[in-house]
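Biologist: Could you walk me through this one, and tell me what stands behind each label you use?

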Amino acid sequence: MKRSLLLLLLTVISASLFAQGPPFIRQSQGPSIKGRISGTVLDSISQAPVEFATIELLDASGQKQITGDITDDKGHFKLTDISNGDYTIQVTYLGYATRTLTGVSLTLEKPDLDLGDIPLAADNIQLTEVTVTGEAALVENKIDKIVYNADKDVSTSGGDASEVLRRVPLLSVDLDGNVSLRGSSNIQMLINGRPSGVFAASIADALKTIPADEIKSVEVITTPGAKYDAEGSAGIINIITKKKNIEGFSGSVNTSVGTRQNSAGLSLSLATGRLGISGNGNAYFSWPRAATQTFYREDITPNYTRVLDQAGQSNSTILGYNGSVSAYYDLNAFNSISSSIRYNGFNNWLDGMANGSLSDTTAREFSRTSLNNRLNNGFDWTSDFRKTFPNSEREFSVAFQLTNSFSNRLIENNQTDVLGNAPDLISRQNNYNDGINAEYTLQADYVHPFSKKIKLETGAKAVIRRIDSDYQFEQYDPALQQFVLNSDFTDVFAYHQDVYAGYLSLNAKVGENYGVVAGARYEHTSIAGDYQSERPSFSNQYDNLLPSLILSRTFKNFSTLKLSFSQRIQRPSLYFINPYQQVEDPFNVTAGNPDLEPERSSQFELSYGTFVKGLSINSAVFYRFTQNVIEGFLQVDPETGISKTTFLNIGQNQSFGLDFFSSVTIKKALTLRAGFNLSTYDASGTINGQSIETQALLFNGNMGGNLTVKKVWKFEMFGFYRAPRQSLQGITPNFSLFSLGLNRDIFDKRGAIGIRVVEPFFKNKQFKSELSGENFYQTSNFSIPFRSYGINFSLRFGKLDFRPPQRSRRSIRNEDLKEGGDNNI
């Protein structure tokens with residue numbers, strides 16, 4: 001029996017060995033060698049390199065992805081370690097038609113293949129786009145937006161986001177960082193295609209925390225389609241930060257030191273296979289800055305004219321910081337998940353003093369000191385899943401986002417002392433406000449191509465907002481020798497806003513030269529407000545059906561004519577509805593208005609763009625009609641002479657406008673650019689039974705250029721002017737800026753060092769404003785040092801082998817709130 005088992009075992013082992021070949025003898029194998037495939041992707045019209053185009057290597061059938069790459073700044077790509085065989089290559093990039101190369105073959109005799117130049121043609125189904133070309137393309141005019149490539153502008157290095165936005169066509173940014181588009185501040189701000197909760201408190205403050213060195217580009221969307229949230233009646237501004245998909249480890253360091261401001265940033269990225277993680281941190285600090293201000297107001301009462309005249313100075317210091325951590329995992333070639341969290345913070349310390357007089361029936365003099373501390377911080381956490389399909393533009397995504405922003409304002413020891421004999425002016429006050437803005441967003445989107453010429457986009461979205469404002473006002477009681485709470489200006493306000501939306505958009509190509517994007521978006525809004533005290537609560541709900549349409553016609557020389565129409569709404573954010581009263585100056589009080597209605601607007605636009613031998617010209621005319629316009633409105637109490645500024649739905653505004661932008665590149669070394677925006681302000685409304693009308697012509701323009709010498713030296717200059725902004729009651733200050741920058745590449749272009757000068761010819765800047773109403777006239781002037789010098793340094797390190805990314809992982813875009821700034825009141 002044992003012999004039989006042993007014999008059977010030996011038989012099985014022998015059969016197994018001989019099935020693999022004779023024992024101890026290696027089987028004969030054919031020769032094998034790994035090869036590589038390279039090439040250069042170019043724009044088919046301008047012959048400019050296409051950076052970040054995705055290269056996919058597929059099997060011969062085009063069904064299975066093998067490897068991939070993305071092009072560098074010269075349009076080059078290289079696929080290595082490729083086995084012999086037949087393949088298909090697909091080249092894709094946003095705004096261009098997909099290019100498919102079949103019959104790509106590597107053999108033993110020719111294992112390496114150079115495909116040479118691969119031209120990409122514009123994708124007409126998305127409407128034609130024009131690129132301002134050159135070695136350092138700065139501005140691109142795409143189908144529904146203008147893209148400003150900030151990383152190509154050396155003069156912004158060491159600055160913040162507000163300085164970058166001042167260089168973007170169509171945008172205007174004032175001294176405090178308040179942004180307007182075509183003369184309107186009714187915009188929506190995004191970071192990397194997503195909203196950030198820190199913008200809810202103040203756009204101006206948030207922009208100061210984002211270093212210019214971390215910004216890759218800025219997108220301005222003037223005619224958002226149905227897939228975008230209905231908010232932002234003037235348009236959408238999307239800030240794209242520097243973020244690359246890489247294989248391996250890499251990082252970068254950016255620092256700047258100057259006479260006005262300083263910044264530092266660190267970015268790290270690690271990717272291996274289908275998993276990647278990245279993080280960054282940035283900080284911004286400004287030296288204490290001394291400013292002077294004057295203020296004069298006359299208000300007329302039935303018996304006399306009261307005059308308030310005061311002058312003083314202040315010192316302010318700013319500290320801003322932000323950071324983010326993100327990770328992604330590609331489950332396979334068609335399914336991916338990602339998650340990211342971003343943190344923002346902003347601190348502003350301001351101390352001031354003023355001397356003044358108040359004259360009515362008697363003349364009284366006073367002095368005032370104050371300490372003001374403002375803190376805004378918050379985070380955005382987003383996770384999403386994205387599914388794509390083989391050989392198709394079909395795409396499904398679902399995403400969830402949690403956003404929380406916290407604001408804290410403390411006006412402490414705000415003390416007014418009397419120099420004469422008017423004890424009624426003596427006061428000491430403390431003013432506090434804690435605010436929380438929480439948002440919960442769930443969104444799903446689906447893209448379905450019916451053919452190469454027709455594509456359908458649809459989706460649904462829910463946004464739940466919970467806003468709380470806890471505000472207190474204390475006055476010092478000399479008898480008790482302590483601060484006592486004033487219940488008239490103390491409360492807790494809770495505001496709820498829920499938005500449910502769905503959209504449908506159809507993209508179609510008609511013939512060879514026509515394109516259409518038509519869609520509609522439905523939104524249901526429910527709002528409610530409640531106070532902790534016995535103040536009355538309120539609630540409301542409304543529905544909006546908002547159509548959009550874009551028609552385009554392409555001509556020779558890469559020219560495009562586009563006609564568009566869109567309807568938008570603008571819901572007020574925490575900045576506008578917060579009932580907290582700021583009493584930094586006891587004679588001038590500001591507060592939000594929780595009873596505001598949303599703005600509603602309709603816009604028509606006709607635009608034309610062309611590109612001929614290095615010269616790009618883009619222009620547009622538009623008409624925008626807005627109802628329930630939200631503006632700051634000042635009223636003076638005739639009894640006390642104290643003014644209160646709040647936000648009101650003032651009425652309607654009609655605006656006609658003209659945009660123009662041009663850029664020319666000479667011998668790939670010198671680029672010159674200039675642009676302007678001209679628009680009308682024609683507002684009318686009825687306030688407290690009084691009809692008010694105001695007309696004005698608004699203007700802003702910019703010009704600049706950059707010069708590259710010996711491929712390592714880069715010189716940039718930039719200047720802009722913004723005329724005074726108009727409101728129903730008057731004007732706010734004009735603003736201009738001139739800057740110079742010089743950079744030199746070092747360490748084989750892995751680093752750079754440079755200098756930057758702002759306003760070399762003017763040490764200080766003056767900002768004058770003028771307002772008038774039924775019973776008052778007011779003027780003020782603010783002067784602040786502005787000339788600055790700085791040096792900057794940047795360094796990139798680590799492995800910089802790019803990997804082909806999955807299609808964009810960003811899903812959530814909340815564009816539906818009118819955000820605030822420091823001086824919008």
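Modeller: Here are some of its features, each set against its definition. This is a predicted model, in which local features need pLDDT of at least 70 and side-chain atom pairs count only at pLDDT 80 or more, while totals for chains, interfaces and linings use all residues. Residues are numbered from 1 along each chain as its sequence is written, and side-chain values use heavy atoms, with hydrogens and water left out.

Biologist: Glad to have that. What makes F735 and F767 an aromatic pair, and why is the pair called tilted?

Modeller: Rings of Phe, Tyr and Trp (its six-membered ring) pair if their centres lie within 6.5 Å; planes under 30 degrees apart count as stacked, over 60 as edge-to-face and the rest as tilted. The centres of F735 and F767 are 5.5 Å apart and their planes meet at 45 degrees, so the two rings pair and the pair falls in the tilted class. This pair links distant parts of the chain, 32 residues apart: F735 is in strand β40 (735–746) and F767 in strand β42 (764–772). Strands (E, at least two residues) and helices (H or I, at least four) are DSSP runs, numbered from the N terminus.

Biologist: Why are F735 and F767 called buried?

Modeller: Buried means under 20% relative accessible area, exposed over 50%, and partly exposed in between (1.4 Å probe, protein chains only). F735 has 1% and F767 has 7%, so both count as buried. Ring pairs also join F735 and F767 with F718, F720 and F786 in a cluster.

Biologist: Which residue lies over the face of Y476, and what makes that a charge over a ring?

Modeller: That is R428, at 4.7 Å from the ring centre. A charge sits over a ring if NZ of Lys or CZ of Arg is within 6 Å of the ring centre and within 35 degrees of the ring normal. R600 lies over the face of Y542 too, at 5.5 Å from the ring centre.

Biologist: What is unusual about a positive phi in a residue other than glycine?

Modeller: Most residues other than glycine have a negative phi. Q481, though not a glycine, has a positive phi of about 55 degrees, and Q481 sits in the loop between β24 (454–477) and β25 (482–485). N628 also has a positive phi, near 55 degrees, but N628 is found in strand β33 (615–636).

Biologist: How do you know whether Q481 and N628 are buried or exposed?

Modeller: Q481 has a relative accessible area of 62%, so Q481 is exposed. N628 has 26% and therefore counts as partly exposed.

Biologist: What lines the second largest pocket?

Modeller: Its lining has 25 residues, of which Q429, Q475, P586, F587 and I642 lie nearest the centre. The residues of this lining divide into ten nonpolar, eight polar and seven charged. β23 gives the most to the lining, with three residues.

Biologist: Last one: how many residues does the largest nonpolar core have, and what makes it a core?

Modeller: The largest nonpolar core has 24 residues; L165, V179, M189, L207, I215 and I237 have the most contacts inside it. Such a core is a set of buried Ala, Val, Leu, Ile, Met, Phe, Trp, Tyr and Cys residues joined through side-chain atoms within 4.5 Å. A second, separate core has 18 residues, including V41, I55, L57 and V91.

Notes. On a 1 Å grid over the protein atoms alone, a cavity is a set of points where a 1.4 Å probe fits but cannot get out, and a pocket is an open set with protein on both sides within 12 Å along at least five of seven lines; lining residues have an atom within 4 Å of a point. Ala, Val, Leu, Ile, Met, Phe, Trp, Tyr, Cys and Pro count as nonpolar, Asp, Glu, Lys and Arg as charged, and the others, Gly among them, as polar.
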